[in-house]
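Thank you all for coming; I would like to walk you through one protein chain today, beginning with its charged side chains and then moving out to the overall fold. Please have a look at the sequence and the model first.

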Amino acid sequence: MTLERSPAGLEQIPLTITSSGKTHRFTVEVARTGPEQETGLMNRPSMDPDHGMIFPYAPGRGVAFWMKNTMIPLDMIFIAPGGKILRIEDSAVPYSLDPVPSGGDVEAVLELNGGRAASLGIRHGDQVDWKR
């Protein structure tokens with residue numbers, strides 16, 4: 001199911017994370033193309049708590065992200081092939097140019113508001129599902 005496009009013109013889809021028997025629901029923008037992925041959440045002053053952005057990769061690969069021109073702290077959730085969370089970078093520092101590595105091959109990276117994963121109890125090994 002595709003939702004209305006975001007203000008940035010990106011496709012929006014539903015995404016769920018299952019953690020400790022609870023299902024957390026989000027609406028995420030999909031950054032599929034190189035230019036969309038390069039821009040990501042740059043220059044945005046805020047994001048709704050139940051929103052995010054997903055960066056899919058096919059085939060899966062090791063990646064590194066940075067926070068160039070990103071105004072808000074973000075949780076970077078690195079998703080291994082099959083949808084399990086490989087690693088979470090909690091509250092990446094706005095504007096930092098330091099690379100944040102995936103720590104292995106990933107099929108996607110999910111960005112949420114900084115601290116959101118911890119506040120919901122989302123952790124390594126939890127399952128992420130979305131329309132691939």
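Let me start with a term we will need straight away: a salt bridge here is a side-chain nitrogen of Lys or Arg within 4 Å of a carboxyl oxygen of Asp or Glu. With that in hand, I can say that E11, R32 and K131 are linked in a network of salt bridges.

Before going further, please keep in mind that this is a predicted model, in which local features need pLDDT of at least 70 and side-chain atom pairs count only at pLDDT 80 or more, while totals for chains, interfaces and linings use all residues. Residues are numbered from 1 along each chain as its sequence is written, and side-chain values use heavy atoms, with hydrogens and water left out.

How many salt bridges does a search of the whole structure find? The search finds four, and I will take some of them in turn. In one of them, the side chains of K131 and E11 meet, at 2.8 Å from N to O. This pair links distant parts of the chain, since K131 lies in the segment after β9 (127-130) and E11 in the segment before β1 (12-19), 120 residues apart. The helices and strands I name are DSSP runs, numbered from the N terminus, with helices being H or I of at least four residues and strands being E of at least two.

Are these two residues buried or exposed, where buried means under 20% relative accessible area, exposed means over 50%, and partly exposed lies in between, using a 1.4 Å probe and protein chains only? K131 is partly exposed, with a relative accessible area of 34%, whereas E11, at 13% relative accessibility, counts as buried.

A further salt bridge joins R44 and E29, whose closest N and O atoms are 2.5 Å apart. Here R44 sits in the loop between α1 (34-39) and β3 (51-61), and E29 in strand β2 (residues 22-30), so that the pair links distant parts of the chain, 15 residues apart. Both R44 and E29 are buried.

R87 and E89 also meet in a salt bridge through their side chains, at 3.2 Å from N to O. R87 is partly exposed, at 24% relative accessible area, and E89 is partly exposed as well, at 25%.

Let me now turn to W130, which has its place in strand β9 and, at 10% relative accessibility, counts as buried. Leaving aside residues up to four places away in sequence, W130 touches I13, P14, L15, I54, I79, E107 and A108, where contact means heavy atoms within 4.5 Å.

Finally, the fold as a whole: the protein chain has two helices and nine strands, and along the sequence they follow the pattern β-β-α-β-β-β-β-β-β-α-β. The radius of gyration of the chain is 13 Å, close to the 14 Å that the globule rule gives for 132 residues, so the chain is as compact as a globular protein of that length; this radius is taken over C-alpha atoms, and the rule is 2.2 Å times the number of residues to the power 0.38. Buried residues make up 44% of the 132 residues. Among contacts with a separation of 6 or more, 66% come from residues 24 or more positions apart.
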